[in-house]
Amino acid sequence: MTVPTAAPPALLHQVGDRALTWLDAHREHFRLMPEDHATSGAVIERLKPIGELAINMQVLFREGVAGSRQHARAGQLLDFAWRELLDGGNVLAALQRAEPLSPVSLEIYAPFHELGHRHPQLEAAIEVCRRTTTWSALEMVPNRRLGVLNAERKMGLAPSGDFDRAVARTWLGQLPEPWSVQYHIAYDLTHTVFHLTNWGEAPGRIPPAIAAYLTRYLPAWMEDWADLEHWDLLGELLVVDACLPRPTLDGELWERYAAAQCGSGAMPIQHGMPAGDAAEVFDLVHHPTLVAAFASAMATSRALSPGTAR
């Protein structure tokens, strides 16, 4: 089998720099609107992108691949998210009061906490709920349970379940038939890797059997989703590749991925950029653009680490 040529670090970095530029220029669209407060469900849907934004800024700081301009922009975005979008954590505290047994506030708060932001009242309320039997008995899909356990780990809390057992219950943990990877399964397996590694911080946490399975089959999955021009999912799979002991950082795939990125830095979900007003377009492309920033930071870091790429 031909070993792919690794993408040059400059290309990897450029994708993330352009994505961050777009996210910064459209930061106001992350803001919750009055109508979003009508129900807890609506609030949760609007908060998820803010949590994803925080994780991305955390990865960028952690991997140390940002230039001075990128680093400053990321810091300003993070401060904006905490102070203005979350009102210093008060928005999460209000959600915790409305949905006390939901882990969403914990999951969104965890990356901010890891970066030094604190809201003592929110932490106290979360801890009261974590003492209940319901907290560990809540029914959720296995990779989501893994996400809750990782959020607890990020905050230094005692785990509410067994991490290895949670991994074994995921689709990826059971090493199923590789041809069965469909759309939702593909997203599930990427998030299993994200939670396993704490969003790429600790690739060594991937069990050897899972790492070997991904090394064998991930290249075919990436080719499939690239051929379908599904840039959001391809971006997540590129992150998974960067988490492997010997990532491919496939230059041809990264060229195709970078070519799909809009000149403004936005990344479409699939095929080309959608049409519509700015708010509608933001709702459609903020996730793949966040993924592009994440993939870029991870891949650039691995490309610059001696001996990692094949």
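This is a short dialogue on reading the features of a predicted model.

Me: Where do I start? Which helices and strands does the protein chain have?

Reply: Start with the elements. The protein chain has 14 helices and zero strands. Read along the sequence, the pattern is therefore α repeated from start to end: α-α-α-α-α-α-α-α-α-α-α-α-α-α.

Me: What does the radius of gyration say about the protein chain?

Reply: Set the value beside the one for a compact globule. With 310 residues, such a globule would have a radius of gyration near 19 Å. The protein chain has 19 Å, so the two agree. The C-alpha atoms fill a box of roughly 55 × 45 × 35 Å along the principal axes.

Me: How many of the 310 residues count as buried?

Reply: Buried means under 20% relative accessible area. By that cut-off, 52% of the 310 residues are buried. The accessible surface of the protein chain comes to about 13400 Å². Carbon and sulfur atoms hold 55% of that surface.

Me: What share of contacts joins residues at least 24 apart in sequence?

Reply: Take the contacts between residues at least 6 apart in sequence. Of these, 72% join residues at least 24 apart.

Me: Now one helix. Why is α5 described as largely enclosed by the rest of the structure?

Reply: Count its buried residues. Nine of the eleven residues of α5 are buried, so the helix is largely enclosed. Among them are Val-104, Leu-106, Ile-108, Tyr-109 and Phe-112. Ser-105 and His-113 are buried as well.

Me: What covers the buried residues of α5?

Reply: Look for elements in contact with them. The cover includes α2, α3 (68-85), α4, α6 (120-130), α7 (133-137) and α8. Just after α5, Gly-116 takes a positive phi of about 105°.

Me: Where is Ala-94, and is this residue buried or partly exposed?

Reply: Ala-94 sits in helix α4, residues 90-98. At 34% relative accessibility, Ala-94 counts as partly exposed. Compare sequence with space, too. Ala-94 and Ser-105 are eleven residues apart in sequence and 9.3 Å apart in space, C-alpha to C-alpha.

Me: Which residues other than glycine have a positive phi?

Reply: Asn-198 and Glu-229 are two examples, each with phi near 55°. Asn-198 lies in the loop between α10 and α11 (208-227). Asn-198 is buried, with a relative accessible area of 4%. Glu-229 lies in the loop between α11 and α12. Glu-229 is partly exposed, at 33% relative accessibility.

Me: Next, pockets. Which residues lie nearest the centre of the largest pocket?

Reply: Ask for the volume, then the lining. The largest pocket holds about 1200 Å³ of space. Its lining has 40 residues, and Lys-48, Glu-52, His-191, Trp-199 and His-287 lie nearest the centre. Elements that give two or more residues to this lining are α2 (40-63), α5 (104-114), α8 (142-154), α10 (183-196), α12 (231-242) and α14 (278-303). By class, the lining has 19 nonpolar, ten polar and eleven charged residues.

Me: What is the volume of the second largest pocket, and what lines it?

Reply: Its volume is about 210 Å³. The second largest pocket is lined by 13 residues, with Ser-136, Arg-145, Asp-162, Ala-166 and Arg-169 nearest its centre. Here α8 and α9 (163-169) are the elements that give two or more residues. The lining of the second largest pocket has five nonpolar, three polar and five charged residues.

Notes: Residues numbered from 1 in each chain as written. Predicted model: local features only at pLDDT ≥ 70, side-chain atom pairs only at ≥ 80, totals over all residues. Heavy atoms only, no water. 1 Å grid on protein atoms, 1.4 Å probe; cavity = no way out; pocket = protein on both sides within 12 Å on 5 of 7 lines; lining within 4 Å. Points joined across faces, edges and corners; volume = space filled by probe spheres on them. Helix = DSSP H or I, 4+ residues; strand = E, 2+ residues; numbered from the N terminus. Nonpolar A, V, L, I, M, F, W, Y, C, P; charged D, E, K, R; others polar. Buried < 20%, exposed > 50% of the residue type's maximum accessible area, 1.4 Å probe, protein only. Contact = heavy atoms within 4.5 Å. Rg over C-alpha atoms; globule rule 2.2 N^0.38 Å. Areas by Shrake-Rupley, 256 points an atom, 1.4 Å probe, with all protein chains shown as cover.
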